[in-house]
Amino acid sequence: MVKGLELYVNPLPLELEEDVDLAVVIDVLRATSTIVSALAHGAKKVLPVSTISEAFALREREPDLLLAGERGGLKIEGFDLGNSPFEYDEETVSTREIVMTTSNGTTAALKSRRARAIVAASFLNFSSVISLLREFSGKVAIQCAGSGGEFSIEDFLLAGAIVSDFEHCANDACRAAKIVFREAGGSIRSFIEENCGHAKKLSSIGFAEDVAFCARIDMYNVLPVWSENGFVRG
Ligand code: MLT
């Protein structure tokens, strides 16, 4: 029997099991938006890790790796890049492999590792994700990264935007995400700026332009797909 599409939204990332056919990882502000930007500008791979010390240990073995990520929204001391998508231009990242550790987004990706396939979603690559789902059948877990273990509206909003294209909700969070997306009324940027705690925090530390950029739809036709230990351009 051919499986249909079953869409689950996880408002916070769950440790997924092998029965999940596809994990869609979302951290709008900013990890998955940054991963999309990195691959769009030619990065070869983005390898999420949990800790700063793991990142340094990997570079010790492979000196060509770029280290990227944030704690408290700010670049980590001794790293090459922070977590602003604007830092990931072609000159900096083209052909490079990037080890990334962020407060929540990279954890959401790592918690998805047992799924049969994993992709990264943001508003920046919205249509690439929708195109994949239109062709997909099986159990899909949409993993919202949240912030500091707390629910984040911006991730849930994107989950809602994605599932609103389909009539295959398999849990109440999926149906609730559709309602939140409807409530936003098409004004993604102002909805995020007005309602999202992490957007306000990022703006307060100088990253208001990142918030505005991460709310833009379809900047890139890029689908980050998990391969072995990180995301590559699919
Ligand atoms: C995270 O992983 O929590 C975020 O990407 C934090 C940030 O805004 O840089």
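At what angle do helix H6 (residues 153-163) and helix H7 (residues 172-184) pack, and how far apart are their axes? In this predicted model, the two helices pack at an angle of about 95 degrees, and their axes lie 7 Å apart. Because angles of 65 to 115 degrees count as roughly perpendicular, H6 is described as roughly perpendicular to H7.

On the H6 side, the contact is formed by Ile153, Phe156, Leu157, Ala159, Gly160, Ala161 and Val163, which meet Ala173, Cys174, Ala176, Ala177, Lys178, Val180, Phe181 and Ala184 of H7. By class, the residues of this contact between H6 and H7 comprise 13 nonpolar, one polar and one charged; Gly160 of H6 counts as polar, and Lys178 of H7 counts as charged.

The ligand is surrounded by Asp27, Leu29, Arg30, Ala31, Glu70, Asn83, Thr102, Ser103, Asn104, Gly105, His198 and Leu202. When this shell is divided by class, three of its residues are nonpolar, six are polar and three are charged.

Oxygen atoms of the ligand are approached by both side-chain and backbone atoms of the protein. A polar side-chain atom of Asn104 lies 2.5 Å from a ligand oxygen atom, whereas a backbone N or O atom of Ala31 is found 3.1 Å from an oxygen atom of the ligand, and a backbone N or O atom of Ser103 is placed 3.4 Å from a ligand oxygen atom. Of the 270 Å² of accessible area that the ligand has on its own, 99% is covered by the protein.

Technical notes
Residues are numbered from 1 along each chain as its sequence is written. This is a predicted model: local features need pLDDT of at least 70, side-chain atom pairs count only at pLDDT 80 or more; totals for chains, interfaces and linings use all residues. Side-chain values use heavy atoms; hydrogens and water are left out. A residue is near a molecule or strand if one of its heavy atoms lies within 4 Å of it. A polar contact is a pair of N or O atoms within 3.5 Å; within protein, one must be able to donate a hydrogen and the other to accept it, and residues adjacent in sequence count only if both atoms are side-chain atoms. Accessible areas come from the Shrake-Rupley method with a 1.4 Å probe; for residues, only the protein chains shown count as cover. Axes are lines fitted to C-alpha atoms, for helices over the stretch in contact, and angles run from 0 to 180 degrees between N-to-C directions. Helices (H or I, at least four residues) and strands (E, at least two) are DSSP runs, numbered from the N terminus. Angles under 35 degrees count as roughly parallel, over 145 as roughly antiparallel, 65 to 115 as roughly perpendicular and the rest as oblique. Contact means heavy atoms within 4.5 Å.
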